Every structure is written in structure tokens, then in C-alpha cells.
Amino acid sequence: MGAQWKAKHKDLAANAKGRLFGKLAKDIMIAARHGADPAANSRLRLVVEQARKVSMPKETLDRAIKKGAGLTGETVHFEHVIYEGFAPHRVPVMVECLTDNVNRAASDMRVLFRKGQLGTSGSVSWDFDHLGIIEAEAARKDADPELAAIEAGAQDFHLADEDGLVVFLTDPTDLDLVSRALPAQGFTVVSAKLGYKPRNPIDPGSLSPEHLEEVEAFLAALDANEDVQNVFAGLGG
């Protein structure tokens with residue numbers, strides 16, 4: 001599963017792509033607070049590149065940039081909230097929300113976690129490391145991820161399960177530094193964000209197919225919520 005749970009085959013569903021655009025639009029709006037020009041705003045540039053890779057319509061992308069930068073006269077206010085708890089069968093979960101209505105988000109989380117267990121602050125986070133997570137792809141045939149990690153200052157790396165991506169892990173404070181150093185090591189950064197990596201992930205093989213299906217359904221329901229930005233589950237790869 002990696003550090004961040006991702007719905008299987010989500011790219012096959014039109015409504016899932018719509019949710020992805022919504023999540024990216026929030027990231028774009030927040031990044032654009034520091035300037036509407038991607039060339040002068042590295043965080044915005046990375047999110048814009050992500051949006052283009054998934055074919056976000058140009059009008060949607062431009063509107064999100066202008067709205068976040070305050071160029072439309074609209075006020076954009078999202079609060080960052082973390083919820084902790086367990087999916088069915090005691091799989092630990094960290095849920096990152098960006099919401100314009102904290103009461104709505106809290107109510108939704110209480111309902112969604114009925115099939116699991118909603119915890120208090122600190123009940124699950126102790127079992128996760130807060131890290132910078134960079135997804136990158138080789139830009140040269142001779143690009144060596146291990147050497148790149150060392151030279152760029154990453155703490156660790158692993159090969160992603162899909163799309164041939166390499167995931168570099170950094171100290172949270174080094175995220176931007178490592179992101180800017182990787183291109184010189186032959187890697188193109190696809191995404192860079194802060195996230196959570198489980199310290200003691202549960203082996204999916206230890207769960208029965210029925211139990212694993214229940215966990216997947218629970219995580220998919222979380223991911224489908226309009227306020228949920230990222231879901232981090234304590235499952236192994």
C-alpha cells in the first residue's frame with residue numbers, strides 16, 4: 001500500500017477522477033496563496049504538474065490558481081484537520097482533511113468511523129512517522145535511486161508499486177531541499193508533500209480476503225469524502 005493508501009482502479013471511475021480534481025484544486029489554491037506564478041512558486045509548480053499529468057481541464061486549473069491567489073475577489077479558507085483511528089480489524093488510519101466547514105467534517109468522520117473506531121488525538125499517530133514524501137520518476141536510463149537519495153539528502157527510498165515511480169522519504173523540514181536536488185540526480189519530481197508512514201505496518205496477507213475487502217471498502221469510503229485530502233493506512237506494501 002505504501003505510506004499513502006490509494007484506491008485500486010480509481011482512475012477507471014469518472015466520479016473518482018472528479019474527486020481527484022477536487023483534491024488537487026484545494027492543493028493548488030493553498031499553494032497559490034504564496035504567488036500565482038508557478039515559475040516563482042515551487043510548491044505551486046509541483047501541484048500544477050500533478051494536475052496536468054491527470055489531465056485536469058485548463059480552465060479548472062487556472063480558476064483554482066486565481067482563486068487561491070485572491071485574484072477573483074473570493075475568500076478561500078480551508079482548515080487542516082487530522083483524524084486518527086482504526087479501520088476494521090484494527091488497521092490504524094490517519095485521515096488528513098482540508099475543510100471549509102470543520103463541524104461538517106467532524107460529523108462525517110463520526111459516521112464513517114462507525115465501521116471502525118474513531119480515536120482521540122495521539123491514539124494512532126505515535127505509530128506513524130511524519131515525513132516528506134516525494135514521488136519521482138527516472139529522467140535518465142542511468143539514474144540510480146540509491147545514489148540519488150544519498151546525494152539529495154533523502155532519508156530513504158523505495159520503489160512504488162505502480163507506474164515505475166520511486167518514493168523518496170525525507171525529514172519534513174528537508175522536503176523542498178530534496179525536491180530541488182533530485183533533478184540533478186536524474187529524477188523528475190512528480191509530487192512532493194508531507195505525509196505519514198506506518199512504523200509497524202500490518203501485512204495484508206495476515207488478513208483474510210473478506211477482512212481485507214472490508215478494510216479496502218472502509219478506506220475507499222473515507223477517500224470519497226469531500227473534505228478528505230489524504231488517507232494514510234497502516235498496511236504493508
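The expected span of a helix is 1.5 Å times one less than its number of residues; helices (H or I, at least four residues) and strands (E, at least two) are DSSP runs, numbered from the N terminus. The model here is predicted: local features need pLDDT of at least 70, side-chain atom pairs count only at pLDDT 80 or more, and totals for chains, interfaces and linings use all residues. Residues are numbered from 1 along each chain as its sequence is written, and side-chain values use heavy atoms, with hydrogens and water left out.

**Exercise 1.** Work out how the span of helix 7 sits against the expected one, and which face of the helix is buried.

*Solution.* Start with length: helix 7 has 16 residues and spans 22 Å from first C-alpha to last, close to the expected 22 Å. Next, pick out the buried residues (under 20% relative accessible area; exposed is over 50%, partly exposed in between, with a 1.4 Å probe and protein chains only). They are L212, V215, E216, F218, L219, L222 and D223. Now look down the axis: these residues fall within an arc of 160 degrees (taken from the directions from the helix axis to the C-beta atoms), so they line one face of helix 7. Turned away from that side are the exposed P209, E210 and E213.

**Exercise 2.** Lay out the open sheet and find its edges.

*Solution.* Two strands pair if DSSP finds at least two bridges between them. Four strands run in the order 3-1-2-8, with antiparallel pairing. Strand 3 (117-118) and strand 8 (228-233) each have a single partner strand, so they are the edges, with one side of each lacking a neighbour in the sheet. Inside, strand 1 (residues 79-87) and strand 2 (residues 91-99) pair over nine bridges; I82 has E96 in strand 2 as its bridge partner.

**Exercise 3.** Classify the ring pair F113 and F218, then say what the pair ties together.

*Solution.* Rings of Phe, Tyr and Trp (its six-membered ring) pair if their centres lie within 6.5 Å; planes under 30 degrees apart count as stacked, over 60 as edge-to-face and the rest as tilted. That rule gives four aromatic pairs. For F113 and F218, the centres are 5.3 Å apart and the planes at 75 degrees, so call it edge-to-face. F113 sits in the loop between helix 4 and strand 3, F218 in helix 7, so the pair ties together parts 105 residues apart in sequence. F113 is buried at 2% relative accessible area, and F218 is buried at 5%.
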